[in-house]
Amino acid sequence: MQTPPHTETEHEETRPACVLVFNANDPCGAGGLSSDVAAIASVGAHALPVVTGTYARDTAEIFEHFAFDEEVVAEQARTLLEDVTVQVIKVGFAGTPENLTAIAEAASDYPDIPLVAYMPNLSWWSEVQIDLYLDAFQELVLPQTAVLVGNHSTLSRWLLPDWNAERAPSARDIARAAAEFGVSYTLVTGIPAPDQFIDNVLASPQAVLGNVKFERFEAVFSGAGDTLSAALAALIASGCDLGEAFTEALGYLDQCLGNGFRPGMGHVIPDRLFWALPADDTDEPDDESSGPASSFEFPPHDTQH
């Protein structure tokens, strides 16, 4: 029997956008690929998870990480990219410089696909491993990154190691430092603000493009950064411009944290499926925010490796 030619159906025209995600498995579900899949699905996109390795951890701390070989990571990505139309690539924790090389090479073959990169806190790792990983990330991934996401302290220590001013670096200072490696936009989270608020700022090297403030939670969370970056990637993939994706992703994260739960004896985990809980009569918390006023273009990343 001869296979009939493929024609686009109405169902396919309305199918969800696809996000190719590189990240480690997290057995406790705080972050990693399980966080990515849940967050991406919650905002209406489809996750294509590529496993870079696995943590050995509980809800309180990370004890070890076991990385996959770079050939395994590369083959997972290659087979997906040759089959599925991908709207956005999200890079989480890759585990080794070799895996970052494999990811960068895969992304460089698709320069028109925006890449969202998230840099987690790596303080659980050895200094030698951290330095090698961050150097490789700067050289290989940042030149292809449309949006870099990370906590203020993590990004400032990484990108501005020689900062010696009396004031802490601003989000725009961090965005300027990231731009030196090719990053178009930087989303800096966890910036201390007056009156027990936390500020989250989207910036380019030229300007602060928007901010969203939330009241500080009296809890320690694991997985907030993965949740935010995955939601941001999925919203961009689904057709939102960066300004809208920024405010929507932070609003989603706020709800996830507000409904967080503690499955073990460690930290609180964001509830990425809070919207599936039975409705109650409580009002949604107000947030102090000023979103970006215009859309932003993602330049193609044509860095070759």
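Helices and strands here are DSSP runs, numbered from the N terminus. With that naming, Ser-184 can be placed: it sits in the loop between H7 and E7. The model is a predicted one.

Start with this serine. Ser-184 has a relative accessibility of 17%, and buried means under 20%, so Ser-184 counts as buried. What does Ser-184 touch, leaving aside its neighbours within four places in sequence? Its contacts are Thr-145, Ala-146, Ser-204, Pro-205 and Pro-299. Take Ser-204 from that list. Ser-184 and Ser-204 lie 20 residues apart in sequence. In space, their C-alpha atoms are 6.5 Å apart.

Now turn to helix H6, which spans residues 152-159. Of its 8 residues, 6 are buried, so H6 is largely enclosed by the rest of the structure. Those buried residues are His-152, Thr-154, Leu-155, Ser-156, Trp-158 and Leu-159. What do they pack against? The partners include two helices, H5 and H7. Three strands also take part: E5 (115-119), E6 (147-151) and E7 (185-193).

Helix H7 deserves a closer look. H7 covers residues 171-179. H6 and H7 pack at an angle of about 45°, and their axes are 10 Å apart. That angle makes H6 oblique to H7. The crossing of H6 over H7 is left-handed. From H6, the contact uses His-152, Leu-155, Ser-156 and Leu-159. From H7 come Ile-174, Ala-177 and Ala-178. By type, the residues of this contact are 5 nonpolar and 2 polar, with no charged ones. The spacing along a helix also follows a general rule. An α-helix has 3.6 residues a turn, so residues three or four places apart point the same way.

Next comes the nonpolar interior. The largest nonpolar core holds 50 residues. Which of them touch the most other members? They are Phe-22, Ile-89, Tyr-133, Phe-137, Leu-148 and Trp-158. Helix H5, residues 127-141, gives the most to this core, with 7 residues. Trp-158 links back to H6, where it is one of the buried residues.

Ile-89 shows how such a residue is surrounded. Leaving aside its neighbours within four places in sequence, Ile-89 is in contact with Leu-20 and Phe-22. It also contacts Ala-107, Ile-113, Pro-114, Leu-115 and Val-116. A second core, separate from the largest one, has 40 residues. Among them are Ala-39, Ala-233, Leu-250 and Tyr-252.

Note on methods
Residues numbered from 1 in each chain as written. Predicted model: local features only at pLDDT ≥ 70, side-chain atom pairs only at ≥ 80, totals over all residues. Heavy atoms only, no water. Core = buried A, V, L, I, M, F, W, Y, C linked by side-chain atoms within 4.5 Å. Buried < 20%, exposed > 50% of the residue type's maximum accessible area, 1.4 Å probe, protein only. Helix = DSSP H or I, 4+ residues; strand = E, 2+ residues; numbered from the N terminus. Contact = heavy atoms within 4.5 Å. Axes fitted to C-alpha atoms, helices over the stretch in contact; angles between N-to-C directions. Parallel < 35°, antiparallel > 145°, perpendicular 65-115°, else oblique. Left-handed = near helix turned anticlockwise from the far one by under 90°. Nonpolar A, V, L, I, M, F, W, Y, C, P; charged D, E, K, R; others polar.
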